[in-house]
Amino acid sequence: MADTLEFNEIYQEVKGSMNDGRLRLSRQGVIFKNSKTGKVDNIQASELAEGVWRRVALGHGLKLLTKNGHVYKYDGFRESEFDKLSDFFKAHYRLELAEKDLCVKGWNWGTVRFGGQLLSFDIGEQPVFEIPLSNVSQCTTGKNEVTLEFHQNDDAEVSLMEVRFYVPPTQEDGVDPVEAFAQNVLSKADVIQATGDAICIFRELQCLTPRGRYDIRIYPTFLHLHGKTFDYKIPYTTVLRLFLLPHKDQRQMFFVISLDPPIKQGQTRYHFLILLFSKDEDISLTLNMNEEEVEKRFEGRLTKNMSGSLYEMVSRVMKALVNRKITVPGNFQGHSGAQCITCSYKASSGLLYPLERGFIYVHKPPVHIRFDEISFVNFARGTTTTRSFDFEIETKQGTQYTFSSIEREEYGKLFDFVNAKKLNIKNRGLKEGMKQSYDEYADSDEDQHDAYLERMKEEGKIREENANDSSDGSGEETDESFNPGEEDDDVAEEFDSNASASSSSGDGDSDRDEKKPAKKAKLVKDRKPRKRQPESKKGKDPNAPKRPMSAYMLWLNASRERIKSDHPGISITDLSKKAGELWKAMSKEKKEEWDRKAEDARRDYEKAMKEYSAGSRAESSRERLKKKKKKQEKQPKGKAEKKGATKSSSSSKSPAKSTNESFKSKEFVSSDESSSAESKKEDSEEEGAASAPPSSEDSASGSD
């Protein structure tokens, strides 16, 4: 006989709902793992007291009773599995698997028996129904009547909320049967009564969900959240997990309590209780118990007097009372050095923590995803910016979680983490592609097509091509910034120095000759960006060929009217989503037809672009020649004016001084011509003509 038996798709009855999971029977005991919460129920073989096999609504079921009174029910077995289970119980647990069917007579009178945590209503020797007393939230008595109220179950479509029992009046040994019935129920029921003093109280703690500041009173079996508006009582049996997570700023800490079932406020359900602490906040705590009681109850995990950081004290007390370990981030470290990743889920921004066995997102809404319930993960291109990406998680139940707006630099760290945990990556192998080019990174599977994603790809290509075109046309020097104020100051300084130097006679001319090459080189350097600046800033040429559309966009333009007619009144956003779904469902043969059309359009565009580029270069060459000719036509007139100004100068002024005046005028005029296109050769000719002193022959001819 096998040492273990495993059953999939087994349902455990918990508080009126059926939770699916996996059941494993071994020599050591019985283990059931809940597929939804991941919670594991472990029943040791030595604790088993009785096993019952019976027919239920979902086939056949197994009821296990333990020596301490707990009852576990598992449904979903086939009738043929009885022999296998019966032999296993005999061989390993030394128990007879008894067969007991439920009574289906339909009578509503019988006998109530209390056994451990179970209330059984029997007719004769057959049970009609059973009620786990842990489901009871309230028990009230009346004349010959007992009313049981139950906790509402959010997972069940229909919940049983109340049952009334009529108890016939009898006076045996002076005991009221109604009160005896009620006491039996209350002794095992999950009725929270705040009796006695709290073990300790934490004042004014900041709570993110539910939002507000609450006093937390710690009782032996539950914790009490007392706020200005609402109060919550949380039994420790509903605490599923504890998390202690550092904030990205390294100055705050999150303490997260996972609850199942959740706490309720109206129609709102809070599956997580999230507290936010500052690391700098300290506290001295004294437990409301004597030292012997503390040692006996907590076995050294707590002491009567404790001090330290507030978050450490709260987490330490909760760990000791709930008796569950605290989960902290593992060895993951993001690009910024933090143990979390900034991202957005739905409409809010938060932090995603990769843990050793799952992911948790805080804080609105909080999400915890275990690795064992993940079907695959997917790295997808962000739909709003090229500097981020989306991280998608799909569970085995088909639920999809999308964490968006993650910085591109986090990709490598997150990919390595997911790969190390051996999770199924849908677009595996794109790590290097993303680091090199965003387009290569965004090349996800075809069946995950998205209309918005396709559009963003096209816009990204357009931006890249525009950037390449502008860089090719403007050259390397277009990166230089044009600062008119700084350039004018440089020219003024050089001019002032030349003017002062020219006041001396012969030496001033030699000083000017030495400074001219440096001045000329500076002017040439500064003119180039000013000449290119209008070209780099000009808008898109309306005569340029239009860029080709992708296969999807060609299909969308051809199918848009048909989609509108099939769905009257559809919005633009819904139309895009619907188009993406239709494209995704389209066969490969039909997509190839549009791919061929897109390829033809691309070839036509490249051909037209070559012709357009050749024409643009020819036109720009003609424009430069025209500007050069116009400048040459204006040049003689400018020289004549300068010579005339020299002749009309006073005879008392020296030739050097008049030469200096003409040089000043020339420099001032050339510095203002920001859009001039003169070459270095023309600059040298102009400066040579302007700075040369008039000879005696010129003066004589001028006087004539």
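## A viewer tour, starting at β27

Select Leu352 and Tyr361: tyrosine 361, in β27, is the bridge partner of leucine 352. Before you go on, note that this is a predicted model, where local features need pLDDT of at least 70 and side-chain atom pairs count only at pLDDT 80 or more, while totals for chains, interfaces and linings use all residues. Numbering starts from 1 along each chain as its sequence is written, and side-chain values use heavy atoms, with hydrogens and water left out.

**Stop one: β27 and its partners**

Colour residues 348-354, which make up strand β26; β26 and β27 pair in the antiparallel sense over 4 bridges. (Strands pair if DSSP finds at least two bridges between them; strands are DSSP runs of E with at least two residues, helices are runs of H or I with at least four, and both are numbered from the N terminus.) A hairpin of 3 residues takes you from β26 to β27.

Now add residues 367-370, strand β28, which runs antiparallel to β27 with 4 bridges joining them. Tyr361 turns up again here, with valine 367 of β28 as its bridge partner. These two strands also form a hairpin, with 4 residues between them.

Is β27 buried or exposed? Select 358-362: 5 of the 5 residues are buried, so the strand is largely enclosed by the rest of the structure. (Buried means under 20% relative accessible area with a 1.4 Å probe, protein chains only; exposed is over 50%, and partly exposed lies in between.) Gly358, Ile360 and Val362 cover one side, Phe359 and Tyr361 the other. In general, side chains in a regular strand alternate between the two faces of the sheet.

**Stop two: the aromatic rings**

Show the rings next; the structure holds 31 aromatic pairs. (Rings of Phe, Tyr and Trp, the last by its six-membered ring, pair if their centres lie within 6.5 Å; planes under 30 degrees apart are stacked, over 60 edge-to-face, the rest tilted.) Zoom in on Phe371 and Phe417: their ring centres are 6.3 Å apart and the planes are at 55°, so the pair is tilted. Phe371 sits in the loop between β28 and β29 (374-381) and Phe417 in helix α5 (residues 411-420), so the pair ties together parts that are 46 residues apart in sequence. Both Phe371 and Phe417 are buried.

Stay with α5 and pick Tyr411 and Phe415, with ring centres 5.7 Å apart and planes at 40°, so this pair is tilted. Both of these residues are buried. To see the cluster that ring pairs build, select Phe332, Phe359, Phe371, Phe379, Phe389, Phe391, Tyr411, Phe415 and Phe417.

**Stop three: an open sheet**

Jump to β9, β10 and β11, which form an open antiparallel sheet in that order. β9 (111-115) and β11 (126-132) are at the edges with a single partner strand each, so one side of each has no neighbour in the sheet. Select 118-123 for β10, which is joined to β11 by 6 bridges. One spot to click is Ser120, whose bridge partner in β11 is Glu130.

**Last stop: two crossing helices**

Finish with α11 (residues 551-566) and α12 (residues 572-585), whose axes come within 10 Å and cross at roughly 115°. (Axes are lines fitted to C-alpha atoms, for helices over the stretch in contact; angles run from 0 to 180 degrees between N-to-C directions.) Show side chains for the contact, including Trp555 and Ile563 of α11 and Leu582 and Trp583 of α12. (Contact means heavy atoms within 4.5 Å.)
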